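Trainee: I would like to go through the ligand site and the enclosed space of this model. Please show the structure before we start.

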Amino acid sequence: MQLTGAEIVIRCLQEENVKFLFGYPGGAVLNIYDEIFKQDKFKHVLVRHEQAAVHAADAYARATGEVGVALVTSGPGATNAVTGIATAYMDSIPMVVLSGQVPTPAIGMDAFQEVDMVGITRPCVKHNFLVRNIDELASTIKKAFYIAASGRPGPVVVDIPKDVTAHVGEFVYPESVQMRSYNPVLKGHSGQIKKALKLLLEAKRPMIYAGGGVVLGDAAEPLTKLVRQLGFPITNTLMGLGGYPATDKQFVGMLGMHGTLEANMAMQECDVLLAVGARFDDRVIGNPAHFFQNPRTIIHIDVDPSSISKRVKVDVPIVGDVKSVLADMLQLLDETEKPHNAEPLKAWWQKIEDWRGKNCLKYATSSDIIKPQYVIEKLWEATKGDAFVTSDVGQHQMWAAQYYKFDKPRRWLNSGGLGTMGVGLPYAMGAQFAFPDAQVACITGEGSIQMNIQELSTCKQFHLPIKVILLNNRYLGMVRQWQEFFYENRYSESYVDALPDFVKLAESYGHVGMRIEKPGDVESALKEAFGPSNKERFVFMDFITDQKENVFPMVPNGKGLSEIILAEDL
Amino acid sequence: MRHIVSLLMENEAGALSRVAGLFSARAYNIESLTVAPTEDETLSRMTIVTSGSDEVIEQIIKQLNKLIDVVKVLDLSDGRHIERELMLVKVKATGIFREEMKRMSDIFRGRIIDVADGSYTIELTGSGSKLDAFLEAIDKTAILETVRTGASGIGRGDRILKV
Ligand SMILES: Cc1ncc(C[n+]2csc(CCOP(=O)(O)OP(=O)(O)O)c2C)c(N)n1
């Protein structure tokens, strides 16, 4: 069938069952937009800034597991998309970003709105393509979806010159993709799995540490089964929250810089550590040299070989899809006679309970000033722990991670790797489009929300009933906290002056605005926002919180996990 | 430790910059890099000379394998291999230098490939250290210009890197 390039783009997206395309038009993509106008198989979501288009597509992928798709024009449209692409890259999110490019003869001529998109995004994509010829268009898009979703997922950019969208070519959508250069290993090595299980069963102080790979790899179910059968303690990384039910007693909380005492101490003192879909990030294990002061045997399951033995040396590497490896492990466990390690395990749990008994997430409550932690606890209650929760970056993000107990995967959407302020609202949009009837809460700070505040307009256009939970401390709180701890209270440029009246701002877009200033009003306000009267409404909740509250526990940058500081230590 | 890494990759626009970009983005050392299409013109073969601890080299190999365009990677230094580099040197060939340069070129089994009134251009191949040795051996003031290709490497015997 002879089609124009623009028609081919649309047909490819339809073949991939794309339901939402997040984008923003411009000269180089006008042919494509003309074809969008003529079709109704997928919905185009017009954002107000390309960064938000990419974040929303990213969130759609996080929430559903499908590939998120965004479309931007050349030049400034493309550069605006870069932060979104890098954010998705750092968290391994499957995404395809289509960008317009100047016509092929104009490439390299410093044409109007020309940037070398392939060059700019090379370090922050899983792969990228410049389509030079209409004959390569469909097969390139097919490859892009395949690469984005397989192996360790990631964003793929397809840069399409305007003349290619106008040319006419034969449309054939390939059934499958064969690439001699790209064949991710999915099945784990059975010998290694056996070895790993033996080590686990003989462990005296075992620990399981699961990351975002479990969520992305849809492996929460086999992981939960395995952990329950073994009876071991488990921690999740910031990206892994929901990969194991947080309300379960074997869950010892999040680990890392703002992790719990019990999780961090158990990491430090365990004798056998099973890492699943995690990457021993610097915010997670702190100083590696300190981590190695305690000897332990490490088993690491990951789909990406380059994540294994990158920051810490691993004893038993298992390369493979986490879901498949965990399933193999479970089966092997069924067939294996369990040794009696009940005694040491009991003693280990006793130790963990002692740490847990310190109640490291305890905070000083107040009846006249709203504590941010309290808002999150009440949010958890008001949403019955079942909302899609997005956050921005800062203190509020850490409190959300600590106090909202995620029992299900794909419910917690945040920028863990890049730490991008401004993702919160577009992430909520992506999640709400994916699940129109679900409760979606965006936990944010007054700094972060203003980085993509223009999306209030998109939310109006598409009637998205998102609830924004602004923990308004009038500071770039996380920056202020570091300045308090490490810069002798010199709050250099961390006070946020000249804030808008968020209630009026929300109302000006036709949304509901609420300001909550007293702890006594928190619960009722949340009930109202999430209640039936606001089911269809976008509600912006401006919680005026304690200005100087700090996030605890804290493992200072460069320190070891057991050098953790608790609120009570200060 | 110095390592010589060979790789085969899709002969596509931008493939070279992906490899070069990887080395700079991750702050890996790169001593030399050579690349050219193979007899199968859909593939390019690259030889990279790098250095680093065992852990760094392991990461380099893994990261190279992770590049979507890379088909195969082999650390030649893991086994028996041969390394060759080509150098062209333009030297002064006047007065006493004219005889001397011819003699040195012969000793190092070089070839004079261009003869001009005041200069010779000598072609030399060998390991990097042989080329270094030649430059050490001749009078520094005679050197007008040098150009080196960087090392190419191949495994010995049945160590074959092929798709
Ligand atoms: C785009 C971007 N710029 C700067 C930072 C550095 N940064 C990290 S947290 C933070 C403060 C965030 O303030 P706010 O959104 O008000 O949240 P709070 O910490 O007060 O909860 C800053 C500036 C960042 N993470 N992202």
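Trainee: How far does a polar side-chain atom of His396(A) lie from an oxygen atom of the ligand?

Mentor: This is a predicted model, so the distance is a computed one. His396(A) is among the residues that come nearest to the ligand. Its polar side-chain atom and the ligand oxygen are separated by 2.8 Å.

Trainee: Which residue has a backbone N or O atom 2.9 Å from an oxygen atom of the ligand?

Mentor: Two backbone contacts can be set side by side. A polar backbone atom of Gly419(A) is 2.8 Å from a nitrogen atom of the ligand. The backbone contact of 2.9 Å to a ligand oxygen atom belongs to Met478(A).

Trainee: What percentage of the ligand's exposed area does the protein bury?

Mentor: The ligand taken alone exposes 590 Å². Helices H17 (395-403), H19 (446-449) and H21 (477-486) of chain A each give two or more residues to the shell around the ligand. The buried part of the ligand's area is 76%.

Trainee: Which class has nine residues in the shell around the ligand?

Mentor: The shell has seven nonpolar residues and one charged residue. The class with nine is polar.

Trainee: Which element supplies the largest share of the lining of the largest cavity?

Mentor: The largest cavity has a volume of about 120 Å³. Helix H9 (212-216) and strand E16 (412-413) of chain A each supply at least two lining residues. The largest share, three residues, comes from H9(A).

How values were computed: Residues are numbered from 1 along each chain as its sequence is written. Chains are lettered from A and ligands numbered from 1 in the order in which they are written. This is a predicted model: local features need pLDDT of at least 70, side-chain atom pairs count only at pLDDT 80 or more; totals for chains, interfaces and linings use all residues. Side-chain values use heavy atoms; hydrogens and water are left out. On a 1 Å grid over the protein atoms alone, a cavity is a set of points where a 1.4 Å probe fits but cannot get out, and a pocket is an open set with protein on both sides within 12 Å along at least five of seven lines; lining residues have an atom within 4 Å of a point. Grid points are joined across faces, edges and corners, and a volume is the space filled by probe spheres set on the points. Helices (H or I, at least four residues) and strands (E, at least two) are DSSP runs, numbered from the N terminus. A residue is near a molecule or strand if one of its heavy atoms lies within 4 Å of it. A polar contact is a pair of N or O atoms within 3.5 Å; within protein, one must be able to donate a hydrogen and the other to accept it, and residues adjacent in sequence count only if both atoms are side-chain atoms. Accessible areas come from the Shrake-Rupley method with a 1.4 Å probe; for residues, only the protein chains shown count as cover. Ala, Val, Leu, Ile, Met, Phe, Trp, Tyr, Cys and Pro count as nonpolar, Asp, Glu, Lys and Arg as charged, and the others, Gly among them, as polar.
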